[in-house]
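This report considers a helix and its packing, and then turns to a chain interface and a DNA-facing surface.

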Number of protein chains: 2
Amino acid sequence: MPQVSIKDIARMLNISIATVSRALHDRYDVHPETRKKVLELAEKLNYRPSSQAIGLVKRRTNTIGMVVPEIDNQFFSEIINGLENVAYQAGFNVMIFQSQNIYEREVKIIDQLIGARVDGIAISIASSTVDFKHLNLLKEMDIPLVMFDRVSDEVYGHKIINDNIEGGYLAAEYLIKQGRKRIAHVGGVENLKISQQRLHGFKAALRDYQMEFKEEYLVRTTFKIEDSFQAALKLLQIPEPPDAIFAVSDYVALGVLKAAKELNIKIPEELALVGFSNLAVAPLLEPSLTTINQQSYAIGEESARILLEHIAHPELKTEPENKIFKTNLVIRNSA
Amino acid sequence: MPQVSIKDIARMLNISIATVSRALHDRYDVHPETRKKVLELAEKLNYRPSSQAIGLVKRRTNTIGMVVPEIDNQFFSEIINGLENVAYQAGFNVMIFQSQNIYEREVKIIDQLIGARVDGIAISIASSTVDFKHLNLLKEMDIPLVMFDRVSDEVYGHKIINDNIEGGYLAAEYLIKQGRKRIAHVGGVENLKISQQRLHGFKAALRDYQMEFKEEYLVRTTFKIEDSFQAALKLLQIPEPPDAIFAVSDYVALGVLKAAKELNIKIPEELALVGFSNLAVAPLLEPSLTTINQQSYAIGEESARILLEHIAHPELKTEPENKIFKTNLVIRNSA
DNA sequence: AAAATCTACGGAAACGTTTACGGAGCACTA
DNA sequence: TAGTGCTCCGTAAACGTTTCCGTAGATTTT
């Protein structure tokens with residue numbers, strides 16, 4: 001007997017659906033005997049309430065929608081875990097979607113989340129997104145929005161990020177203090193704020209230490225290992241190759257590492273390398289990767305907390321919140 | 001104006017909701033003029049149909065529920081990608097949940113998926129699950145179920161797995177042919193079928209090559225790096241330590257690698273190491289990891305295909321399907 | 001004995017859709 | 001002129017819940 005409803009139970013017991021509903025919710029207004037019969041039958045028939053129907057009448061789904069560029073990226077999956085944990089504890093479900101960094105997908109996902117009537121949305125924006133109508137729409141619809149890591153100033157909503165400027169600064173400063181002279185940066189997609197900020201911190205450190213920033217020491221790549229490998233391959237073969245590289249992320253650093261091996265360049269002797277993220281594999285690489293640590297799990301938790309608070313209290317329409325998490329340098333053997 | 005409904009549009013245009021619905025669906029029975037007005041107003045008010053309401057009346061959600069033990073595991077995230085891709089192409093959404101290998105969570109998730117009225121469920125069972133009532137319930141409810149990778153014989157449903165026995169055999173055989181004499185296995189959680197099968201293949205190879213299987217060369221661990229590290233640490237310090245290890249997964253191999261480094265054991269000279277999975281970082285490790293390759297993306301695709309087919313044709317209640325994907329050995333420097 | 005209170009339940013509206021059915025208005029045919 | 005056939009639209013039921021309100025009958029209070 002597939003998919004039993006409250007009506008079926010009412011009919012079988014010769015009572016009204018109202019009574020069944022009350023019995024299932026342990027309300028006062030129902031005789032113990034009746035309640036018992038209802039509960040037993042519900043159990044026996046494997047009754048499961050329809051969240052669709054409940055959502056319709058309650059105008060609440062207790063669900064938050066989450067969209068990340070990609071899931072097979074440890075940074076994002078840790079954020080997901082952080083967010084899920086506090087959401088679950090508050091009795092909320094989390095629906096996870098991947099934009100694959102494709103703008104059109106992101107728009108479609110947002111539409112679906114609105115259609116699903118989620119109570120709030122957490123998003124890390126796709127790298128190809130340059131139009132933000134779909135996100136600003138959420139404000140008009142009174143759907144709380146928090147952006148994490150990949151945020152945009154053009155969107156109205158809460159923002160939780162790492163201190164990318166600080167991270168870029170720390171990385172460059174460390175390389176400078178190690179006595180490196182030709183410091184390069186393998187940067188990320190240009191329109192992403194995290195790329196801009198990490199580069200910004202990088203440049204700031206150079207300036208503070210009276211070092212010149214050279215355009216030929218800046219290359220761009222996606223966050224994929226293979227693309228980074230290709231980019232690094234080129235960078236390491238210019239006439240005067242760098243003796244240090246700050247990679248915009250650990251995945252990019254992995255590509256650089258691969259390129260260095262391919263070209264038989266010794267790390268850290270001939271090339272110092274600093275990444276960004278502190279992936280779980282970072283200490284296991286050879287050489288182990290010096291990198292900027294970012295608090296991914298905490299970002300997820302904080303995103304959830306802010307979202308839940310604004311879901312619970314829609315009345316307090318204060319200004320969007322901004323939270324910046326500190327980064328720190330983890331020194332290992334690659335630099 | 002938050003959350004506009006079809007009723008609002010009807011009222012504002014002084015027409016019935018039926019007409020609005022037809023207009024939005026491009027049905028024949030509506031005047032072009034009217035349709036135009038409806039579409040324009042819907043656009044202007046950012047109307048998004050409620051998937052809850054639609055699901056209620058259509059008794060279909062076009063959604064498939066997916067539950068994995070954990071998301072921050074490249075193997076599973078690749079399966080997710082494979083499944084999502086074919087699902088999306090068929091116009092289906094995917095809801096992703098993590099059991100965190102906790103039985104109680106798994107049960108709760110299944111209940112929620114039933115409540116959400118998903119059209120089908122794909123699951124990789126939690127390692128702590130030994131009671132399968134919650135999964136067998138799905139058959140009674142006519143909800144198609146496919147299990148991937150971590151399957152159980154006690155559950156009625158389709159099964160998509162890697163040829164774990166073959167994989168275990170290939171790994172052991174290779175180590176034997178390399179002339180290793182004291183071959184150990186760092187195995188996975190005992191009640192998981194993948195653990196059993198990989199061990200089974202491992203033992204079969206030993207038998208075929210007239211080598212004895214020694215109990216002291218078998219240790220168990222979870223699939224977490226840290227636990228594996230501890231287990232390997234012990235294993236490598238017994239009186240007559242192994243000269244080769246077959247790790248039940250690459251994550252476990254990472255732990256072994258860490259332990260070997262800690263104990264200053266040279267790989268592959270003093271210890272040969274073979275993993276299982278072929279993670280993206282495997283070739284980047286030092287030494288690069290010899291491992292068994294498994295077709296994670298294809299498993300995801302196939303799971304989706306089978307699920308979609310049985311959702312589309314509930315009438316063909318044939319026997320559950322079983323699909324086994326071939327594995328192969330990828331030789332690198334760790335063995 | 002009448003009035004007031006309690007207990008346990010049912011009726012019905014509402015949430016946002018889809019869709020089967022019927023019907024008004026009009027033009028055309030015989 | 002009456003009948004036929006379109007075109008376009010509205011009515012209403014249904015999906016599975018929750019919840020407000022009303023009420024019959026039993027029990028207690030005056």
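## Helix α6(A), interface and DNA surface

In this predicted model, residues A:E106, A:I109, A:I110, A:L113 and A:I114 of α6(A) are buried. These residues lie on the same side of α6(A), because the arc that they cover around the axis is only 135°. An α-helix has 3.6 residues a turn, so residues three or four places apart point the same way. The packing partners of the buried residues of α6(A) are β1 (63–68), β2 (93–98), β3 (120–123) and α7 (133–140) of chain A.

Helix α6 of chain A comprises 13 residues, 103–115, and its span of 18 Å from first to last C-alpha is close to the 18 Å expected at 1.5 Å a residue. After α6(A) comes A:R117, which has a positive phi, near 60°.

Between the chains, 42 residues of chain B are in contact with 42 residues of chain A. On the chain B side, α4 (51–58), α5 (74–89), β2 (93–98), α6 (103–115), α7 (133–140) and α11 (250–262) each contribute at least two residues. The largest share there, six residues, belongs to α5(B).

DNA strand D is surrounded by 25 residues, of which A:I6, A:A18, A:A53, B:A18 and B:H31 are the closest. Two or more residues of this surface come from each of α1 (6–13), α2 (17–24) and α4 (51–58) of chain A, and from α2 (17–24) and α4 of chain B. The largest share, five residues, is that of α4(A).

The composition of the two surfaces is tabulated below.

| Surface | Nonpolar | Polar | Charged |
|---|---|---|---|
| Side of chain B that touches chain A | 19 residues | 13 residues | 10 residues |
| Surface near DNA strand D | 13 residues | eight residues | four residues |

Key
Residues numbered from 1 in each chain as written. Chains lettered and ligands numbered in written order. Predicted model: local features only at pLDDT ≥ 70, side-chain atom pairs only at ≥ 80, totals over all residues. Helix = DSSP H or I, 4+ residues; strand = E, 2+ residues; numbered from the N terminus. Expected span 1.5 Å × (residues − 1). Buried ≥ 20, exposed ≤ 12 C-beta atoms within 10 Å, placed from the backbone. Arc of directions from axis to C-beta. Contact = placed C-beta atoms within 7 Å. Nonpolar A, V, L, I, M, F, W, Y, C, P; charged D, E, K, R; others polar. Near = placed C-beta within 6 Å.
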